[in-house]
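Here are some notes on the model, set out as numbered points. They cover one set of annotated positions and a few backbone features to check by eye.

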Amino acid sequence: MSDGFGLDHLPYGVFSVAGGERRVGVRYGDGVLDLHAATGRPEFAQPSLNAFMALGAEVWRQTREEVAGLVDGADLVALDDAVLHLPVEVADYVDFYASLDHATNVGQIFRPDAPSLPAAWRHLPIGYHGRAGTVVVSGTPITRPHGLTRDGYGPSQRLDIEAELGFVVGAPSELGSSVPFTGLGDHVFGVTALNDWSARDVQAFEYVPLGPFLGKSFATSISPWVTPLAALDAAWVDLPAQEPEPAAYLGPGATHGLDIAVEVVLNGEVVSRPPYRTQYWSPAQMLAHLTVNGASLRTGDLFASGTISGAEPDQRGSLLELWWNERFLEDGDEVVLRASAPGTGGGRITLGEVAGRVVGSRP
Ligand SMILES: O=C(O)/C=C/C(=O)CC(=O)CC(=O)O
Ligand SMILES: [Ca+2]
Ligand SMILES: [Mg+2]
């Protein structure tokens, strides 16, 4: 059985077999349990996880328990026979900027004459709204984007990756109310690896003062498997101290992060090992911040961690930082992000990987 996909994991995805209907499934080893066939529940005869996710945390908990009792000895679809689809119909997509090392590195590269960190950086988790409609499943080819740069119009010459995690919102919230710092488990269904493809030359020309726009809206890849938050129960760690103490709604002093180890694999070779456990802003803080103004959450909202970079040079989550603005992706390059975490059974679970190959622009 493939490692990291045992009873302590059981991630959810959407699959089809031989051109048939899309169905919700659970991965167990090298197989997929067809949840509609196994349970008869209508929320699983769906082309996305959204209907199931909308049912809320108590149903997620009961279902996980039920599935754990069903998979052993069940008639599973072989992974090789399954086509894996985008698991979530993405509602809104937001990307944060929560790594101190990443923000410091990018500040030095993009704004060498200014302080590395923007004034608000240590006060709130900075983010931007991205393009939900271009979130794609692992394996989707990434067409090199065209755009306007300081050198004029053409195919981007500085195509990059960003190694991130995506948090998938299941249960919605009401417009005009805020989700408290303690609300992560009630609203977030699970976690997926995420690659925020970025055209640095387009981004650098367009982003002042409103932030990333076309430089990041052409594609964002996620893995086909969403790891339920419950599978990460053993992965919680205390984050490094925050200074100055953040506002009360951000839960100062109670910041827990996830000990998820990420690997960036370029053309088969591991080029970086970003650690999620040392990020500055926590997932709960990002969720509280997203809704503090009364903005509502919808089922299918996706918020990304921001590029995961650690303090060491071989822990950087973008090529911009790894190669310090000197070299970027070539056509034909393939990037795979892998991630793993301590499981509740004493071993490790492997999050679904996210892969993408760069193809040349259409003329
Ligand atoms: O500092 C900037 O101007 C830009 C930063 C990014 O491109 C990073 C971004 O998308 C947010 C993140 O992934 O941390
Ligand atoms: Ca990003
Ligand atoms: Mg993107």
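1. Tyr97 sits in the loop that runs between strand E6 (93-96) and helix H4 (100-110). This is a predicted model, and everything below should be read as such. Tyr97 counts as buried because 22 C-beta neighbours lie inside 10 Å, and the cut-off for that class is 20 or more. Leaving aside neighbours within four places in sequence, the contacts of Tyr97 are Ala103, Ile126, Gly127 and Gly306.

2. Tyr97 is one of the residues that UniProt lists under "binding site", in an unreviewed entry. The record also names Arg111, Gln203, Tyr207 and Thr307. Such annotations may be inferred rather than shown by experiment.

3. Arg111, also on that list, is found in the loop between H4 and strand E7 (127-129). H4 therefore has a listed residue in the loop on either side: Tyr97 in the loop before H4 and Arg111 in the loop after H4, by the numbering of the DSSP runs from the N terminus. Is Arg111 buried or exposed? Neither label fits: Arg111 has 13 other C-beta atoms within 10 Å, so it is partly exposed.

4. Two peptide bonds are cis. One joins Val208 and Pro209, with omega about 0 degrees. Pro209 belongs to the loop between helix H6 (200-206) and strand E16 (220-222). The other joins Glu243 and Pro244, with omega about 5 degrees, and Pro244 is placed in the loop between strand E18 (236-238) and strand E19 (256-258). These bonds are worth noting because most peptide bonds are trans.

5. Ala18 has a positive phi of about 50 degrees and is not a glycine. Its loop connects strand E1 (12-17) and strand E2 (23-28). Ala18 counts as exposed because there are 7 C-beta neighbours inside 10 Å, where the class takes 12 or fewer.

6. Asn325, again not a glycine, has a positive phi of about 70 degrees. Asn325 lies in the loop between helix H8 (319-322) and strand E23 (334-342). With 17 other C-beta atoms within 10 Å, Asn325 is partly exposed. Most residues other than glycine have a negative phi.

Definitions and conventions. Residues are numbered from 1 along each chain as its sequence is written. Chains are lettered from A and ligands numbered from 1 in the order in which they are written. This is a predicted model: local features need pLDDT of at least 70, side-chain atom pairs count only at pLDDT 80 or more; totals for chains, interfaces and linings use all residues. Helices (H or I, at least four residues) and strands (E, at least two) are DSSP runs, numbered from the N terminus. Two residues are in contact if their C-beta atoms, placed from the backbone, lie within 7 Å.
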